[in-house]
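Hi everyone, thanks for coming. I'd like to walk you through a structure that will be new to most of you, so let's put it on the screen.

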Amino acid sequence: MRGDPVHRRCAVVTGGAGFIGSHLARRLLEEGYAVLCVDNLITGSRHNVAELPSIGPFRLIHADVTQQLRISADVDAVFHLASPASPTDYLRYPLETLAAGSAGTRNTLGLAREKQARYLLASTSEVYGSPGVHPQPESYWGHVNPIGPRSPYDEAKRFAEALVTAHRATHGTSTAIARIFNTYGPHMRPDDGRAVPTFITQALRGSALTLTGDGSQTRSLCYVDDLVEGLLTLHASAVPGPVNLGNPHEVSMRDLAALILRTTHSASPLTFTNRPEDDPDRRCPDIAYAREHLGWGPKVGLEEGLERTVAWFRSTIGTHAESAEAL
Ligand code: NAD
């Protein structure tokens, strides 16, 4: 543990018991921050943060960011990650997702303003919708269906970006918007519906890997350590964003399934089901802005990232990683 406890900086991480938030909280502790994690555990889990108090001053506050946040400590950094994030989760919790992006963003911006802390919004590549431009630069306005099944998530994040931008202009709050592209790694739930945990779980259990459509649709997958490095670098800068953070290496779902079968040494077959409505065909970040203004780029290749992720799933399958924690 580094840093003088008297002068320790304090970071609030909303959604800190989730997949990305728990990795971010760990890195912040390692950087010498005290971390207050605000999470209602709707899609996260206490298990994700169980080890963190042994690394540094860490507290899990079981609270909903859509309600008023009362934090008495001085706060230097606010990272707003709280939101259902996987399609399975936001289809199940559409109203909660809209509330996390609207009231949750308003409340966390209020906290940052009160504490004069730098604020970072975890936005998403979903603001680009089903994109007509490849790869997607930050200047692309997107192609979003405002009443489609994905709209609670996409529009919540678009509204959140607008709120952050207006707050910055009106109150001078130091803010940053990160547009995060598909990220993977340890602490994903096997049942969260995203391709990587779904395929790994199926492969390790010897059941068929379910591809949607013909599996030719692509995603660009960023290992979570790279993403967290990008979030910290953006937060440490004065850049307002939005900034795309993701790995531009594009992979088809069929190739991803094959790679996961190789990594897990599994002989599972493939099965094919219908594509979900409004599922984007391609998703690939243009990260020229992040490279130029933050000096950031991903370092972990897909094979290495999958090795690390599979190792974690092997060690947890059948234990606490099975499902989100019940409230
Ligand atoms: P996650 O579901 O694992 O984590 C989200 C966390 O937020 C959970 O712990 C959940 O319990 C908490 N939460 C949700 N609503 C809340 C509320 N109202 N109050 C308090 N806590 C609440 O998801 P994740 O993949 O870690 O995503 C984290 C953030 O990053 C999200 O904002 C998401 O939109 C964004 N993001 C993630 C990805 C990705 O590939 N994982 C891609 C783009 C953007």
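**A strand and a ligand**

Let's start with one pair of residues: H80 sits opposite L121, a residue of β5. Keep in mind as we go that this is a predicted model.

H80 brings us to the neighbours of β5. Strand β4, residues 77-80, pairs with β5 in parallel fashion through four bridges. Strand β6, residues 175-180, also runs parallel to β5, and six bridges join the two. One example is L120, whose bridge partner in β6 is A176. Between them, β5, α5 and β6 form a β-α-β unit, and that unit is right-handed.

Now, is β5 buried or exposed? It is mostly covered, with seven of its seven residues buried. R118, L120, A122 and T124 point one way, Y119, L121 and S123 point the other way, and all of them are buried.

On to the ligand. It has 30 residues around it, and D39, T43, L81, Y153 and K157 are the closest. By type, that shell holds 15 nonpolar, eleven polar and four charged residues.

Which polar atoms should you look for? The side chain of D64 has an N or O atom 2.9 Å from a nitrogen atom of the ligand. A polar backbone atom of V65 is also 2.9 Å from a ligand nitrogen. For T183, a backbone N or O atom lies 2.9 Å from an oxygen atom of the ligand. The protein covers 97% of the 820 Å² of accessible area that the ligand has on its own.

Elements giving two or more residues to the shell are α1 (19-30), β5 (118-124) and α5 (151-171). And here our strand returns: β5 gives the largest share, three residues.

Terms used: Residues are numbered from 1 along each chain as its sequence is written. This is a predicted model: local features need pLDDT of at least 70, side-chain atom pairs count only at pLDDT 80 or more; totals for chains, interfaces and linings use all residues. Side-chain values use heavy atoms; hydrogens and water are left out. A residue is near a molecule or strand if one of its heavy atoms lies within 4 Å of it. A polar contact is a pair of N or O atoms within 3.5 Å; within protein, one must be able to donate a hydrogen and the other to accept it, and residues adjacent in sequence count only if both atoms are side-chain atoms. Accessible areas come from the Shrake-Rupley method with a 1.4 Å probe; for residues, only the protein chains shown count as cover. Ala, Val, Leu, Ile, Met, Phe, Trp, Tyr, Cys and Pro count as nonpolar, Asp, Glu, Lys and Arg as charged, and the others, Gly among them, as polar. Buried means under 20% relative accessible area, exposed over 50%, partly exposed in between (1.4 Å probe, protein chains only). Two strands pair if DSSP finds at least two bridges between them. A crossover is right-handed if, with the strands pointing away from the viewer, the path from the first strand over the helix to the second runs clockwise.
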